Amino acid sequence: MITVSLIIFLIVAVITLGSALMVVTARNLVHAALWLVVALFGVAILFGLLQAGFLAVVQVVIYIGAIVILIIFAIMLTQRNALEIGSRFNENWGWALGISALVFAALVWAIVSWPGFHVQAQPLDARFDSVAELGKALVASNGYALPFELASVLLLAALIGAIVIAWERKPEER
Amino acid sequence: MDLGLWIEWIVKAIILIVVLLIGFMYLTYMERKFLARFQNRYGPNRAGPVGLLQPMADGIKLIFKEEVIPKQADKLIFILAPVITVIPAWVILAVIPLGSIQLFGRTIDFSLAGDLNVGILYIMAVTSISVYGIVLAGWSSNNKYALLGGIRSSAQMISYELALGLAFVGPAMMASSLSLARIVEAQSKTVWFAVLQPIGFVVFLVAALAEINRSPFDMPEAEQELTAGYHVEYSGMKFAMFMLTEYTKMIVVSVIAATLFLGGYHFPFLTDRWPWLGPLVLFAKVIILLFGIIWVRATLPRVRYDQLMALGWKVMLPAALLNVFITAGVMYVLGMIA
């Protein structure tokens, strides 16, 4: 059955995968980063098609708005003539291809063997507040409180680590 | 999807863009006129009555200018950058609630995208991608000054985005929703959040000024140090598009500030009685905020780059965090009492 959302999904999927391919094959690093933006935006649209508006927006805020900006920032601070040298492939490309194919096959197998795979998704009730549900699940003791707290502690540790590394010590303290 | 809905969306989108374009044109006029009065001058007064046709004259002049593309520039990105800059400034207003009226037996919601349940986050997302245009313009020009301007502005915008995002948290907590319509409703039931959230309001205003690169934070465009910053190589209409974005963003942040902290389209007694006044009330609030932005530009000198970063990370971020903690604490205590 072909519906509008299926057509949109197919177009977005092709664009996402195509730009993901361009990320690894583009010769210019800034162009590669921009293709990465397109790919991540495609993922955000996929979240939106699944009525996961919160995840779609967070995908844009964090990946496009923060991470790729930092990547571009780092590229801009490097030498311009270091951008376009050499082939995109080295002698290990066969190994990389094999391992990626293996991981992809494992993921497909895992998803297909999941019992919910063949269930037709039902549209959400208009009054269903997915943001509130997500927020409650993150802090409920029978929900995801432990992973949430662990991730918070990990991020805090990374933050402190970054500050310690970047700390400018005065000469007499050395 | 029915055809009526499509027509409604298209008409609303065209109205929004036309309003923003005319707003841009006359905001430049308003700024020049007010700056002139602040500095005891007359300002534009030759084209048309009291200079009212000046924006038209400027536009026509820019259209007929030669467009120069530097030989060493990355051509595709150089041409795309102004476009990438303009789009976020235009799409961000889609979620702003403007009230609704009953007309022809159906409820007409003035806002473009209706009530998005993650409205505030949508604004955050669009703000966070508005950095791209400036960074790419600076990089693709292949010019040291443009690149420095681009790097400066991206560092500045990333730094102030944190404070801006945390300033959004206050109203969201008070209204216990991320939807902008709920936030305006909550303010119509109590008082404006600017009263309940004074720290959040001030942090928002300062961070917004930095986010749109306005004076006193117009660091990326510091003429003395960077000739003109990221758009130094741009000419003609491409340059006009950067200017368009800058002024459109002024309007946009004023609309967001009015919606989050000044009651949005709602004004006590007035819009309860006549709901169609909603957009006009918001317009009046936006004009006042825009006057404030111009006033700041006429008053304050540009801050130094290191002062800007220190302010962002050592003052704004802790203040915004403190505001979130205080809001949470007060709401918890009030919840305990009630």
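Before we look at the structure, let me say what I mean by a cavity: on a 1 Å grid over the protein atoms alone, it is a set of points where a 1.4 Å probe fits but cannot get out, and its lining residues are those with an atom within 4 Å of a point.

What you have in front of you is a predicted model, with an ipTM of 0.80 and a pTM of 0.84. For chain B the mean pLDDT is 82, and 92% of the residues in that chain reach 70 or more.

Let me begin with chain A, which has 6 helices and 0 strands, so that you can follow the names I will use later. Along the sequence its pattern reads α-α-α-α-α-α. Of the 174 residues in chain A, buried ones make up 17%. If we take the contacts in chain A between residues at least 6 apart in sequence, 51% of them join residues at least 24 apart.

Now to the enclosed spaces. How many cavities of 30 Å³ or more does a search of the whole structure find? There are 2, and I will take them in turn.

The largest cavity has a volume of about 160 Å³. It is lined by 17 residues, and those that lie nearest its centre are I92(B), T127(B), V252(B), V253(B) and I256(B). Several helices of chain B come together here, since at least two lining residues each are supplied by α3, α4, α6 (144-175), α9 (198-211) and α11. Of these, α11(B) gives the most, with 4 residues. By class, the lining of the largest cavity divides into 13 nonpolar, 2 polar and 2 charged residues.

The second largest cavity has a volume of about 60 Å³. Its lining has 10 residues, and closest to the centre are I134(B), Y230(B), T245(B), E246(B) and K249(B). Here too α11(B) is the helix to look at, as the largest share of the lining, 4 residues, comes from it. The classes in the lining of this second largest cavity are 4 nonpolar, 3 polar and 3 charged residues.

Two of the residues I have just named come up again around T85(B), a residue of helix α3 of chain B. Leaving aside its neighbours within four places in sequence, T85(B) is in contact with G133(B), I134(B), F242(B) and T245(B). Is T85(B) buried or exposed? With a relative accessible area of 2%, T85(B) is buried, because the cut-off for that class is under 20%.

From the cavities I move to an open space, the second largest pocket, which has a volume of about 1,800 Å³. There are 43 residues in its lining, and nearest the centre lie F41(A), I45(A) and V60(A) from chain A, along with V91(B) and Y122(B) from chain B. The elements that give two or more residues to this lining are, in chain A, α1 (4-25), α2 (29-49) and α3 (53-77), and, in chain B, α1, α3 (75-91) and α4 (119-129). Which helix gives the most to the lining of the second largest pocket? That is α2(A), with 11 residues. The lining is made up of 36 nonpolar, 6 polar and 1 charged residues.

Next, please turn to helix α2 of chain B, residues 54-63, in which Q54(B), P55(B) and L62(B) are buried. Seen down the axis of α2(B), these buried residues fall within an arc of 100°, and so they line one face of the helix. What covers them includes α1 (3-38) and α11 (236-261) of chain B, and α11(B) is thus a helix we have already met in the lining of the largest cavity.

I will finish with the loop between α1 and α2 of chain B, where N40(B) is found and where V50(B) lies as well. N40(B) is not a glycine, and yet it has a positive phi of about 60°. V50(B), also a residue other than glycine, has a positive phi near 40°. As for the surroundings of these two residues, N40(B) counts as exposed at 68% relative accessibility, and V50(B) is exposed with a relative accessible area of 55%, because exposed means over 50%.

Key. Residues are numbered from 1 along each chain as its sequence is written. Chains are lettered from A and ligands numbered from 1 in the order in which they are written. This is a predicted model: local features need pLDDT of at least 70, side-chain atom pairs count only at pLDDT 80 or more; totals for chains, interfaces and linings use all residues. Side-chain values use heavy atoms; hydrogens and water are left out. Buried means under 20% relative accessible area, exposed over 50%, partly exposed in between (1.4 Å probe, protein chains only). The arc is that of the directions from the helix axis to the C-beta atoms. Contact means heavy atoms within 4.5 Å. On a 1 Å grid over the protein atoms alone, a cavity is a set of points where a 1.4 Å probe fits but cannot get out, and a pocket is an open set with protein on both sides within 12 Å along at least five of seven lines; lining residues have an atom within 4 Å of a point. Grid points are joined across faces, edges and corners, and a volume is the space filled by probe spheres set on the points. Ala, Val, Leu, Ile, Met, Phe, Trp, Tyr, Cys and Pro count as nonpolar, Asp, Glu, Lys and Arg as charged, and the others, Gly among them, as polar. pLDDT is the predictor's confidence in each residue, from 0 to 100.
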